[in-house]
Amino acid sequence: MRPDIKGLVKLAGVIRRVNPKRFDMGHWWAETPCGTSGCIAGHASFIFPARFKRVGKDGDYEIMHTRSGETGSSAFAKGFRITEAQAEHITLGNLYRTPKIAAKEIMALVGKLRKEVKA
């Protein structure tokens with residue numbers, strides 16, 4: 001199955017524009033005044049609600065892939081059709097990334113995936 005490069009590019013574009021004060025890689029989902037998510041995976045669940053949903057309670061949330069039922073980085077991997085290692089690097093890597101750095105990391109993965117698809 002081919003990776004969802006178009007979806008990853010869209011995600012990177014959204015992440016790039018996130019206010020750094022509303023971006024926290026330490027939480028899958030952060031309740032904010034505008035109702036947006038706090039990390040890369042949380043933003044993915046907001047942008048792609050047919051693929052992901054937020055599960056949990058009492059402020060302890062994570063994402064779940066709607067079809068497989070997998071959660072966390074496994075859900076992210078399924079949702080974008082990438083490897084578990086790639087998903088972990090993006091979602092669990094450096095917890096203190098800024099939105100711009102996170103977007104660059106997503107686009108670096110996109111570059112690698114484009115080369116793999118062409119090969």
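Which residues line the largest pocket? In this predicted model, the lining is made up of Met1, Ala50, Arg51, His65, Thr66, Arg67, Lys78, Gly79 and Arg81. The chain that carries this pocket has five helices and two strands, and from the N terminus on its elements run α-α-β-β-α-α-α. Of its 119 residues, 45% count as buried, and among contacts between residues at least 6 apart in sequence, 49% join residues at least 24 apart.

**The largest pocket and its lining**

- The space in the largest pocket comes to about 150 Å³, and the residues of its lining divide into two nonpolar, three polar and four charged.
- Histidine 65, one of the lining residues, belongs to strand S2, which covers residues 60-65.
- Because its relative accessibility is 10%, under the 20% cut-off, histidine 65 counts as buried.
- With neighbours within four places in sequence left aside, the contacts of histidine 65 are Arg51, Phe52, Glu70, Ala75, Lys78 and Gly79; Arg51, Lys78 and Gly79 also appear in the lining of the largest pocket.
- Arginine 81, another residue of the lining, sits in the loop between helix H3 (72-80) and H4, and with a relative accessibility of 34% it counts as partly exposed.
- The backbone of arginine 81 has a phi near 55°, a positive value in a residue other than glycine, and this positive phi occurs just after H3.

**Helix H3 and the loop before it**

- Eight of the nine residues of H3 are buried, so this helix is largely enclosed by the rest of the structure; the buried residues are Gly72, Ser73, Ser74, Ala75, Phe76, Ala77, Gly79 and Phe80.
- Alanine 77, which is found in helix H3, has a relative accessible area of 6% and is therefore buried.
- Beyond its neighbours within four places in sequence, alanine 77 is in contact with Ile82, Thr83, Glu84 and Ala87, while its C-alpha atom is separated by 8.2 Å from that of glutamate 88, which is 11 residues apart from it along the chain.
- Glutamate 70 lies in the loop between S2 and H3, where a relative accessible area of 29% makes it partly exposed.
- Leaving aside neighbours within four places in sequence, glutamate 70 is in contact with Ile63, Met64, His65, Ala75 and Lys78.
- The C-alpha atoms of glutamate 70 and phenylalanine 52 are separated by 9.7 Å, although these residues are 18 apart along the chain; phenylalanine 52 is itself one of the contacts of histidine 65.

**Helix H2**

- H2 is mostly covered, with seven of its eight residues buried, namely Ile40, Ala41, Gly42, His43, Ala44, Ser45 and Ile47.
- Isoleucine 47 lies in this helix and counts as buried because its relative accessibility is 16%, which is under 20%.
- When neighbours within four places in sequence are left aside, isoleucine 47 is in contact with Lys10, Leu11 and Val14.
- Between isoleucine 47 and valine 14, the separation is 33 residues in sequence and 8.5 Å in space, taken from C-alpha to C-alpha.

**Helix H5**

- Helix H5 (residues 99-118) has 20 residues, and the distance from its first C-alpha to its last is 29 Å, close to the 28 Å expected at 1.5 Å a residue.
- Its buried residues are Pro99, Ala102, Ala103, Ile106, Leu109, Val110 and Leu113; seen down the axis of H5, these buried residues fall within an arc of 120°, so they line one face of the helix.
- What covers the buried residues of H5 includes helix H1 (5-16), helix H2 (40-47) and helix H4 (84-92).
- On the face of H5 turned away from its buried side are the exposed residues Lys100, Lys104, Lys112, Lys115 and Lys118.

Conventions: Residues numbered from 1 in each chain as written. Predicted model: local features only at pLDDT ≥ 70, side-chain atom pairs only at ≥ 80, totals over all residues. Heavy atoms only, no water. 1 Å grid on protein atoms, 1.4 Å probe; cavity = no way out; pocket = protein on both sides within 12 Å on 5 of 7 lines; lining within 4 Å. Points joined across faces, edges and corners; volume = space filled by probe spheres on them. Nonpolar A, V, L, I, M, F, W, Y, C, P; charged D, E, K, R; others polar. Helix = DSSP H or I, 4+ residues; strand = E, 2+ residues; numbered from the N terminus. Expected span 1.5 Å × (residues − 1). Buried < 20%, exposed > 50% of the residue type's maximum accessible area, 1.4 Å probe, protein only. Arc of directions from axis to C-beta. Contact = heavy atoms within 4.5 Å.
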